[in-house]
Amino acid sequence: MKKIILTSLSVLLYTLTANAQNISGSDTVLPVSQKEAESYMKENPSASVTITGGGSGVGISALLSGTVDIAQASRRIKFDEKLKLKQQGKEAEEVIIAYDALAVIVHPSNKVTELTREQLEGIFTGKITNWKELGGADLKIIPYSRETSSGTYEFFRQNVLKNKNYANGIMSMPATGAIVQSIRQTAGAIGYVGLAYLNTEVQAVSVSYDAGKTYVVPSVANSINKTYPVVRPLYYYYEAKSKARVQPFIDYVLSSKGQEIISEVGFIPVK
Amino acid sequence: MKKINRIIERFIEGILTVSGAITSIVMLLIVLFLFKEGSGLFHSPSVEKGYLLYVNSKNIVTDLSTPEIKHIFDSKITNWKEVGGLDQEIEIFRFEEIFNYYSDEELGEDYVLLPEKFAEVIAAQQNIIAYLPEQYAPKEADGVKALATNTISISDFFGGKEWIPTATPSPLFGVVPLVLGTLLVSFLAIIIALPLGLGVAIYLSELAGDRIPKFMKPTIELLAGIPSVVYGFFGLVVLVPIVQDTFGIPVGETAFTGSLILAIMALPTIISVAEDAMRNTPREMREASLALGATQWQTIYKVVIPYSASGISAAVVLGIGRAIGETMAVLMVTGNAAVIPNSIFEPIRTIPATIAAELGEAPANSAHYQSLFLLGCILFVITMIISITAEVISKKHNTNEI
């Protein structure tokens, strides 16, 4: 009798742990993972997926220490992190689950509606200081950036500023909502926000990455057909050995149903 | 029975002593921790930890200052001539770029071939400056030379005018703009709040009679209970546009807006402490003054205010303390631009806002993390100086006047 209880207990424990998954990491990806997990667990009542935030770096270091199964990240795994994983004999597998587009926004009264990447770089590194230089009104340019802790700040620096540093003394706001609010009420302002935050009170700028030949409007459609350039992938990282365990959930996220959830949250589906 | 009472008294006495001692020790430990974490900064290399800068061995430049490194990687310095080298364009190489030259397979198992490949790239270009991880640095290779690394100096930190903690490869930790910003916004707030606060306190304790204070004082004290983030939001949505329109300035997020919000936040503290102090003026003193033929106003400023001077200075100190340490509201309305302010209508960045915004993502024990702790130390020293000054002032007043 005792033996039966013990075996059944261990079988139960095994199935529980087999279906339990921990996901941790980027706060940008957090709402997506949460929604996906909710509906995944509804369809598979035996599965349990736990999700926490904390930042991309936090998630990847948790993957390093083996406390999570999947690390969600709004940036690519860094060279250092890859090295540390290798030292422990682990291999990180990468899955892109969605895309997030960044829109550059200005005050609605601004006449400048098109900017090249080089011009954006000039604005945010402090070389261009007046809208006059870009064909607009004689008005000081006030660039707004996110705080240094934000993944968006890093991505914008890599993608648009080509790894150059932001101008000394740039305005930095603690949240995306605060950027939208400030730009709405400041005539010379310019800033960057996720596509999901666009509204009619601010004006999105068309961006050109080929020195002014073609300007592309930031929109979901243009991000899907890959013409809009300021797009970053959102990643799931998992350890190669635990592939069998995490595969069902990742498959679900990449399924048409999972991708539908991604568009609902305001990101761009992979497929 | 008496004996039991005595034992209980002893026991309570003991508990009180122990809790007092524990509180003091904890305070001391917190301060020690702050300074311990912060002091490591001056042992950190000025280039990001674990990384080195390499140049071609034919290059005559042997070391670069932190601002020079930053300007080179920002393409503001583009010729070696400007930093004491030959007349050559500077070619920047970040280690990630190696993956554009070679595939993962070519770099071998566990990247064993990486140092070799780095050396190849550097030796091939005379005008290159490369930013490489120490672990894979091409040591002892021909045609390659490491630049001397300095540690972050005390003068760079306390005298530096630029705060760019995430600049790669060499972050800049200059606290001058942060300290000036904090002091400017706090003192401006007190200058705005003090006359208002004292006025209201005098009105409530001397002029308002009995019924109005009963209703007004709780209302004012309720203001102290509003979360600071709500004040910040109010500031961002309401005050920022007002300031912008009234003064006709391009940006509404300025030191002045910050100090307005801080003044509003400090008012309840100032009013209630100052009012309590004035109310505590003994009735006999007031009556004596009036009996000598002084008017009500003369009584207020010759008797009540001098008598309550120490209470009023306590109110000022508490107000400044609230203003200097306030984080969230300031974070939302001052624009957080780390520049030395030329006027009160420019954005500033304060020390508490910097710590709150940056500590979350600063890797533990990195130079950035340590510099934030040092900022905490600076904040601690500033508030300590203010409280000591206030103590001295209020003591002087007490002995002179009464």
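# A tour of chains A and B

Begin in chain B, where helix α6(B) passes helix α9(B) in a right-handed crossing. Keep in mind as you look around that this is a predicted model.

**Stop 1: the helix pair**

Select residues 176-207 of chain B for α6 and residues 255-279 of chain B for α9. Two packed helices are described by the angle between their axes and the distance between the axes. Here the axes come within 6 Å, and they cross at roughly 40°. Now colour the contact of α6(B) with α9(B) by residue class: you will find 24 nonpolar, six polar and three charged residues.

**Stop 2: the open sheet of chain B**

Next, show the strands β1 to β4 of chain B. They form an open sheet of four strands, in the order β2-β3-β1-β4, with mixed pairing. At the edges are β2 and β4 (144-146) of chain B, each of which pairs on one side only. If you look along the sheet, the twist averages 25° from one strand to the next.

Zoom in on β2(B) and β3(B), which pair in the parallel sense over four bridges. A handy landmark is B:E91, which stands opposite B:I128 in β3(B).

Then add residues 114-124 of chain B, helix α4. This helix lies across β1 (51-56), β2, β3 and β4 of chain B, and α4(B) runs at about 165° to β3(B).

**Stop 3: helix α2 of chain B**

Which residues of α2 (residues 66-73) of chain B are buried? Select B:T66, B:I69, B:K70, B:I72 and B:F73 to see them. They cover an arc of only 160° around the axis, which puts them on the same side of α2(B). The background is a familiar one: an α-helix has 3.6 residues a turn, so residues three or four places apart point the same way.

What do these buried residues pack against? Show β2 (91-94), β3 (128-133), α5 (154-159) and β6 (172-173) of chain B, and you have the elements that receive the buried residues of α2(B). Two of these strands, β2 and β3, you have already met in the open sheet of chain B. Before moving on, click on B:S75, which follows α2(B) and has a positive phi, near 60°.

**Stop 4: where the chains touch**

Bring both chains into view. The contact takes 33 residues from chain B and 25 residues from chain A. On the side of chain B that touches chain A, the elements giving two or more residues are α8 (228-247), α13 (328-333) and α14 (351-358) of chain B. Select α8(B) in particular: five residues come from this helix, the largest share of that side. Coloured by class, the residues of the side of chain B that touches chain A divide into 17 nonpolar, seven polar and nine charged.

**Stop 5: chain A as a whole**

Hide chain B for a moment. The secondary structure of chain A comes to ten helices and twelve strands. The C-alpha trace of chain A spans about 85 × 35 × 30 Å along its principal axes. Of the 271 residues in chain A, 41% are buried. Among the contacts in chain A with a separation of 6 or more, 70% are between residues 24 or more positions apart.

**Stop 6: strand β6 of chain A**

Select residues 142-146 of chain A, strand β6, in which five of five residues are buried. Both faces are covered: A:I142, A:Y144 and A:R146 lie on one side of β6(A), with A:P143 and A:S145 on the other.

Now bring in the neighbours. β6(A) pairs with β8 (residues 189-194) of chain A in the parallel sense over two bridges, and A:P143 stands opposite A:I190 in β8(A). β6(A) also pairs with β7 (residues 171-173) of chain A, in the parallel sense over three bridges. There, the bridge partner of A:Y144 is A:M171.

**Stop 7: two residues with positive phi**

Finish with one residue in each chain. A:K226, a residue other than glycine, has a positive phi near 65°. Look for A:K226 in the loop between α8 (220-224) and β11 (231-239) of chain A.

B:N336 is not a glycine, yet its phi is positive, about 55°. B:N336 is in the loop between α13 and α14 of chain B, two elements from the contact at Stop 4.

Are these residues buried or exposed? A:K226 is exposed, with 10 other C-beta atoms within 10 Å, whereas B:N336 counts as buried, with 27 C-beta neighbours inside 10 Å.

Methods: Residues are numbered from 1 along each chain as its sequence is written. Chains are lettered from A and ligands numbered from 1 in the order in which they are written. This is a predicted model: local features need pLDDT of at least 70, side-chain atom pairs count only at pLDDT 80 or more; totals for chains, interfaces and linings use all residues. A residue is buried if 20 or more other C-beta atoms lie within 10 Å of its own, exposed if 12 or fewer, and partly exposed in between; C-beta atoms are placed from the backbone. The arc is that of the directions from the helix axis to the C-beta atoms. Two residues are in contact if their C-beta atoms, placed from the backbone, lie within 7 Å. Ala, Val, Leu, Ile, Met, Phe, Trp, Tyr, Cys and Pro count as nonpolar, Asp, Glu, Lys and Arg as charged, and the others, Gly among them, as polar. Axes are lines fitted to C-alpha atoms, for helices over the stretch in contact, and angles run from 0 to 180 degrees between N-to-C directions. A crossing is left-handed if the near helix is turned anticlockwise from the far one by less than a right angle, and right-handed if clockwise. Two strands pair if DSSP finds at least two bridges between them.
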